[in-house]
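The following exercises concern the fold, the internal cavities and selected residues of one protein. Please work through each task before reading its solution.

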Amino acid sequence: MCHFPQRSSVLTFPKICNIFWRFHHTSTSQMCSCSKTVSDEKYQDPFQLGRKDLKNLYEDIKKELLVCTAELREMCEYYFDGKGKAFRPMIVVLMARACNIHHSNSREVQASQRSVAVIAEMIHTASLVHDDVIDDANSRRGKMTVNQIWGERKAVLAGDFILSAASLALARIGNTTIISVLTQVIEDLVRGEFLQLGSKENENERFAHYLEKSFKKTASLIANSCKAVSILGCPDPKVHEIAYQYGKNVGIAFQLIDDVLDFTSCADHLGKPAAADLKLGLATGPVLFACRQFPEMNAMIMRRFSKPGDIERARKYVLQSDGLQQTTYLAQRYCHEATREIRKLRPSPEREALIQLTEMVLVRDK
């Protein structure tokens with residue numbers, strides 16, 4: 001198992017690829033599975049454990065959005081309909097409890113820690129609103145996007161307003177360290193979007209670029225939210241690093257599986273168009289792995305699948321290759337690392353639920 005020791009440099013992640021390419025033709029029977037890491041543990045349902053602390057989550061978010069006109073409020077509340085799984089807030093409250101138990105044997109989530117869960121969901125949703133504008137998306141979570149209903153200009157303003165409300169909630173926590181940790185997420189989201197707009201010619205640089213983008217756009221929010229609640233619950237910097245590393249690795253695995261589902265799930269199940277990434281000109285993990293077997297894909301990647309027939313050909317190559325299998329395998333390795341990190345905390349139902357969560361990330365189908 002490779003190790004990702006450095007927190008600050010995501011560019012160290014691609015070192016995994018040098019090892020990983022050697023496994024490129026490994027059979028599935030030889031592949032490691034995270035399921036072995038939890039097979040001897042009592043099953044802990046993360047959603048059941050986190051339900052108490054997430055009660056009225058969306059109502060509380062809507063309270064943060066009350067001070068605006070009726071139309072703007074309707075736009076801002078559009079995705080906070082309670083139909084999502086609240087994946088990120090659930091990780092945050094479970095991590096809060098796990099760290100609290102580790103430090104003081106208390107299972108109660110502090111009000112400030114729950115506020116981090118609320119803020120994380122608000123930042124995430126604001127980023128979705130902005131992403132849909134950038135991508136000109138027409139569906140999200142099985143319904144029309146904000147930009148399709150109200151137009152791009154108003155959608156941008158709605159995303160901005162949600163971010164501003166999250167910033168006010170963050171300021172009310174009154175802890176400058178927490179403010180610094182969570183504002184890093186907003187910076188990473190912007191940098192990640194810029195990375196997505198660019199491309200690299202060199203194959204190794206391309207994979208590094210992809211993993212760094214995945215960290216900044218997806219994993220940074222989870223990693224830094226986990227770190228924030230660990231700071232609020234425990235003074236030990238080692239625990240802060242454990243929380244950060246767990247969130248980082250789970251977040252990258254989540255994105256890798258998301259990129260697999262873009263090829264394997266139907267649009268109705270995903271809640272957004274299938275093959276959306278190819279249509280946006282993006283070369284994700286499955287494409288980059290497939291390119292190793294079908295070098296002719298390099299030219300398509302560089303022109304961002306812009307020629308007629310590129311999208312169909314690229315999708316065919318991915319499905320003919322072991323790109324989906326290898327991307328899933330890489331996600332398993334990140335989940336294994338997340339499990340290795342969280343096991344450093346004192347045993348608790350919440351710790352076991354966070355371990356179980358790595359399994360759920362791998363087997364999700366939407």
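Three exercises with worked solutions follow.

This is a predicted model, in which local features need pLDDT of at least 70, side-chain atom pairs count only at pLDDT 80 or more, and totals for chains, interfaces and linings use all residues. Residues are numbered from 1 along each chain as its sequence is written, and side-chain values use heavy atoms, with hydrogens and water left out.

**Exercise 1. Overall fold**

Determine how many helices and strands the protein has, and what percentage of its residues is buried.

Step 1. Helices (H or I, at least four residues) and strands (E, at least two) are taken as DSSP runs, numbered from the N terminus. The protein has 19 helices and two strands.

Step 2. Buried means under 20% relative accessible area, with a 1.4 Å probe and protein chains only. Of the 366 residues, 58% are buried.

Step 3. A contact requires heavy atoms within 4.5 Å. Among contacts with a separation of 6 or more, 76% join residues 24 or more positions apart.

**Exercise 2. The largest cavity**

Establish the volume of the largest cavity and which elements give two or more residues to its lining.

Step 1. A cavity is a set of points on a 1 Å grid over the protein atoms alone where a 1.4 Å probe fits but cannot get out; lining residues have an atom within 4 Å of a point. Grid points are joined across faces, edges and corners, and a volume is the space filled by probe spheres set on the points. The count is two cavities of 30 Å³ or more.

Step 2. The volume of the largest cavity is about 190 Å³. Its lining comprises 15 residues, of which Gly-198, Ser-199, His-209, Leu-282 and Ala-283 are the closest to the centre.

Step 3. Helix H10 (176-197) and helix H11 (203-233) are the elements giving two or more residues to this lining; H11 provides the largest share, four residues.

**Exercise 3. Ser-348 and the cysteines**

Describe the surroundings of Ser-348 and state how many disulfides the structure has.

Step 1. Ser-348 lies in the loop between helix H18 (323-342) and helix H19 (349-363). This serine counts as buried because its relative accessibility is 7%.

Step 2. Leaving out residues up to four places away in sequence, Ser-348 touches Ala-98 and Ile-101. A polar atom of the Ser-348 side chain is 3.0 Å from the backbone nitrogen of Arg-351.

Step 3. With a disulfide taken as a pair of cysteine sulfur atoms within 2.5 Å, the whole structure contains zero disulfides. Cys-226 is in none, and the nearest cysteine sulfur, that of Cys-99, is 8.0 Å away. Cys-226 is buried, at 0% relative accessibility, and Cys-335 is buried with a relative accessible area of 0%.

Definitions and conventions
1 Å grid on protein atoms, 1.4 Å probe; cavity = no way out; pocket = protein on both sides within 12 Å on 5 of 7 lines; lining within 4 Å. Buried < 20%, exposed > 50% of the residue type's maximum accessible area, 1.4 Å probe, protein only. Polar contact = N/O pair within 3.5 Å; in protein donor to acceptor, adjacent residues only side chain to side chain.
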